[in-house]
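I opened the notebook for a friendly wander through a new model. Here is what I looked up, in the order in which I got curious.

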Protein chains: 4
Amino acid sequence: MSPVDQLRKDIVSASRILAHLRLVEGFGHVSARIPDSDRFLITPRISLAMVHDEQLLTVNLKGEVVDGNHPVPFEAWLHTAIMKTHPRVNAITRIHARVANIFSVTDRRLEPVHNHGSFFAGGVPVYTRPDLISTEQLGTEVGEALGDRPAVLLRGNGQVTVGRTIPEAVMMAIYLEEAAEVLYGALQIGKPIPLTIDESKQRQLEALPPVDLERAWNFFKNRIAREDS
Amino acid sequence: MSPVDQLRKDIVSASRILAHLRLVEGFGHVSARIPDSDRFLITPRISLAMVHDEQLLTVNLKGEVVDGNHPVPFEAWLHTAIMKTHPRVNAITRIHARVANIFSVTDRRLEPVHNHGSFFAGGVPVYTRPDLISTEQLGTEVGEALGDRPAVLLRGNGQVTVGRTIPEAVMMAIYLEEAAEVLYGALQIGKPIPLTIDESKQRQLEALPPVDLERAWNFFKNRIAREDS
Amino acid sequence: MSPVDQLRKDIVSASRILAHLRLVEGFGHVSARIPDSDRFLITPRISLAMVHDEQLLTVNLKGEVVDGNHPVPFEAWLHTAIMKTHPRVNAITRIHARVANIFSVTDRRLEPVHNHGSFFAGGVPVYTRPDLISTEQLGTEVGEALGDRPAVLLRGNGQVTVGRTIPEAVMMAIYLEEAAEVLYGALQIGKPIPLTIDESKQRQLEALPPVDLERAWNFFKNRIAREDS
Amino acid sequence: MSPVDQLRKDIVSASRILAHLRLVEGFGHVSARIPDSDRFLITPRISLAMVHDEQLLTVNLKGEVVDGNHPVPFEAWLHTAIMKTHPRVNAITRIHARVANIFSVTDRRLEPVHNHGSFFAGGVPVYTRPDLISTEQLGTEVGEALGDRPAVLLRGNGQVTVGRTIPEAVMMAIYLEEAAEVLYGALQIGKPIPLTIDESKQRQLEALPPVDLERAWNFFKNRIAREDS
């Protein structure tokens, strides 16, 4: 399979996993950079539970659709702007995780208290404009809010996670919601004990190695495969 | 397909979607005005998960069943009175959403904090009599409580949502529960940051266009189709 | 079908419904009085999700198994003592509803705030001994705590609901958990507004008629039938 | 079936049950001592939802894999150290239960308030280092934190439960999460009423007998069997 075909397959797997976990419902998209190019693949204006391989669009860093017939997402500029301004990012998920969303509409910062939360050491930034990210200007602002982190909350409007690979961006989406769930729960029963920066660093070393990430990715791919059969 | 046949089909889809999302359990109904007439279609006294096309009743604005053999819902007057007094309304859902219901039995107002909540800017009214809406008088009172809004809470007894079309009334039901869930969660972890009226207006412009509404509607129709197969 | 065969069939339906709704997990039982006799039918020491018609036991009011080969539940005396001391009761569920259980281990009384909660006007009593109800003495005490109400909480140990019929006892189980869920939620967001005694009485008149109860019962029977097919 | 073959079968059943109940997601393992030996069986670095009989590893108390080809879990030392230092323990689950996890990241102790919680009388200890348990030293420390109890929380990183048999270790995992859920809920609505030590002892006598434990184990085995078919 060619690298681009593999990317297409992984984008569809990512879409199914995010839909299966209800990290997206009717909306949301996934994108991935085509290596050594100014282009990336992105899901069209079709629900992630339903999207297919041949429906993916190819978009360049000027925001032009260079391949594909389906309508482009209203928020394509969110992906384009981040791909353009963040060379480290090769994959993006645009999701609507329910518990993480709650943290975006209060004065409470989402900070890690458990192992998989360690990727979010220092807290997850919030982009406070509640608008649809439909222009390059807004997309660039979201990218600035993201900075060098793996995730950013859009106030009352879901989240963006990024990674060096599609599995990494997807696992960041899963871990972000998990981190939100654990902190949410902790706040209900007592005083949360945050991970220190040092503890977080140590945990990231242990949790991010490809072997673990791949195990988790394969677990979720297997689960959706069993659902589809 | 004739417009009325399409309405019948959409009422059954709406019923299945609401049942699938557990926005109704054993009870609840859906109605839709027959264009350019003094009549509307309504589901009979059958659970929405089980209702079929040919079981729908036709009722006129005097509350008379003019077509159909199945028993009429105890709350048919709720639909009749709103259809009669609110010409803008072409479709109604009568649901029992769980989190929205919680807001109807406390002193806490349901106000929007997230994007899909923007339709409920200014707060969702509560009709405070806990009775079954079984007379024209009660139905008219509920209609007055509704006013020009998309939804009204019936104290301890579910909700009513309305729309210009069936998909709109259904999406209002879905967004109402979502708005309740987000605010409920926000109240558990900190101080909620409400959408301002201006922010809500802007979001409504972005979220209500037929194309987006239809995407969401198709997403949910697809999901129930896959469940049924 | 003979009345007793119908009872057997309804006990199995009740068991499946309670298991489906997770109102029981591995444990729990259902019993029903054989009309005009000193006997009742009861599920044996088999999970309600798995129990079959021919496995039901017949027990008399002295606590003797007069028909059936399977082991009798450890808590058979709970059923026997209530059947003996409460002639109004023809059916009993012994369940482990999760949210209602929470109210049994705190100082917070479970009182109705929503329509289906109206059956529990005045609050649900708690039997405070945490023991297994394995003797006639303990069973009689639970019956005394129940009094003329439809339900009693066993501290940290589930619940008992009763009815004139099996559908009524099952609907009381469902409504009890629903009442607990609504009050639980209300307590998280503000000050709950309880139903007054008068409001509760009015709602009971509206909600208990056989036609409504039967609709709900049929809804749940239909749902489990679709799951089994 | 030989005793070791039965153990293998039970480890796979335990893995499926824990995955079905979402007490593990992509990670987690189960181990069981081979009677009258210095060896135990353990699941490899494969998600418990997917692991098969022939993939199990045999490890000795020096931490050496003496049979099996699949990669050993990163936390094999957790199992080895407990098996070595706790002769009473014949089976171990390493899980990631969501609500119990919350108690490990706050200052709130997990103490029993309901019947199945009685096994945790006196409270569940927390091992406060958030690290992966990847060395004999760390495994031994976890064993010390466990002491003579059925469970220990690893701060922000899941739990360990143990038993004399596999069903017992699994039921401790299930009851641990249940105890956490009930206490979590109780804390939201009022003042929890803990089981006294005496009440807990009495409940343990009633709840632990093999016949009850086996009923619960069979219930869960049956449920996963129905899912797989």
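**Entry 1: an exposed asparagine.** I started with Asn69(C), which has a relative accessibility of 78% and so counts as exposed, the cut-off being over 50%. I kept in mind from the outset that this is a predicted model. Where does Asn69(C) sit? I found Asn69(C) in the loop between strand S4 (65-67) and H2 of chain C. I also checked its distance to Gly185(C): the two residues are 116 apart in sequence, and their C-alpha atoms are 44 Å apart in space.

**Entry 2: the helix after that loop.** Next I turned to helix H2 of chain C, which spans residues 76-85. How many of its 10 residues are buried? I noted seven, so helix H2 of chain C is largely enclosed by the rest of the structure. For buried, I used the cut-off of under 20% relative accessible area. I wrote down the buried residues of H2(C) by name: Ala76(C), Leu78(C), His79(C), Thr80(C), Ala81(C), Ile82(C) and Met83(C). As a reminder to myself, an α-helix has 3.6 residues a turn, so residues three or four places apart point the same way.

**Entry 3: a positive phi, looked up twice.** I then went to Arg22(A), whose phi is near 60°, a positive value in a residue other than glycine. Arg22(A) belongs to the loop between helix H1 (3-20) and strand S1 (29-33) of chain A. Its relative accessible area is 41%, which makes Arg22(A) partly exposed. I repeated the lookup in chain B. Phi of Arg22(B) is near 60°, again a positive value in a residue other than glycine. Arg22(B) lies in the loop between helix H1 (3-20) and strand S1 (29-33) of chain B. With a relative accessible area of 42%, Arg22(B) is partly exposed.

**Entry 4: chain A as a whole.** I stepped back to take in one full chain. I counted seven helices and eight strands in chain A. Along the principal axes, the C-alpha atoms of chain A fill a box of roughly 55 × 40 × 30 Å. Does the radius of gyration of chain A agree or disagree with that of a compact globule? For 229 residues the expected value is near 17 Å, and chain A has 17 Å, so the two agree. I saw that 62% of the 229 residues in chain A are buried. Of the contacts in chain A between residues at least 6 apart in sequence, 67% join residues at least 24 apart.

For the surface, I noted that chain A exposes about 8,600 Å², with carbon and sulfur atoms supplying 51% of it. I also tallied charges: chain A carries 25 positive and 28 negative side chains, and the centres of the two sets lie 2 Å apart.

**Entry 5: how the copies are arranged.** My last lookup concerned the chains together. A turn of 90° with a shift of 0.0 Å along the axis lays chain C on chain D, with an RMSD of 0.0 Å. The two copies are thus related as by a four-fold rotation axis. In chain C, the C-alpha nearest the axis belongs to Gln188(C), 5.0 Å from it.

Do chains C and D meet through the same or different surfaces? I noted different ones, because only 7% of the interface residues of chain C are also interface residues in chain D. Finally, I checked two other pairs. Chain A and chain C do not touch, and their nearest C-alpha atoms are 10 Å apart. Chain B and chain D do not touch either, with their nearest C-alpha atoms 10 Å apart.

Notes
Residues numbered from 1 in each chain as written. Chains lettered and ligands numbered in written order. Predicted model: local features only at pLDDT ≥ 70, side-chain atom pairs only at ≥ 80, totals over all residues. Heavy atoms only, no water. Least-squares fit on C-alpha atoms with pLDDT ≥ 70 in both. Contact = heavy atoms within 4.5 Å. Helix = DSSP H or I, 4+ residues; strand = E, 2+ residues; numbered from the N terminus. Rg over C-alpha atoms; globule rule 2.2 N^0.38 Å. Buried < 20%, exposed > 50% of the residue type's maximum accessible area, 1.4 Å probe, protein only. Areas by Shrake-Rupley, 256 points an atom, 1.4 Å probe, with all protein chains shown as cover. Lys, Arg positive; Asp, Glu negative; His and termini not counted. Charge placed at Lys NZ, Arg CZ, Asp CG, Glu CD.
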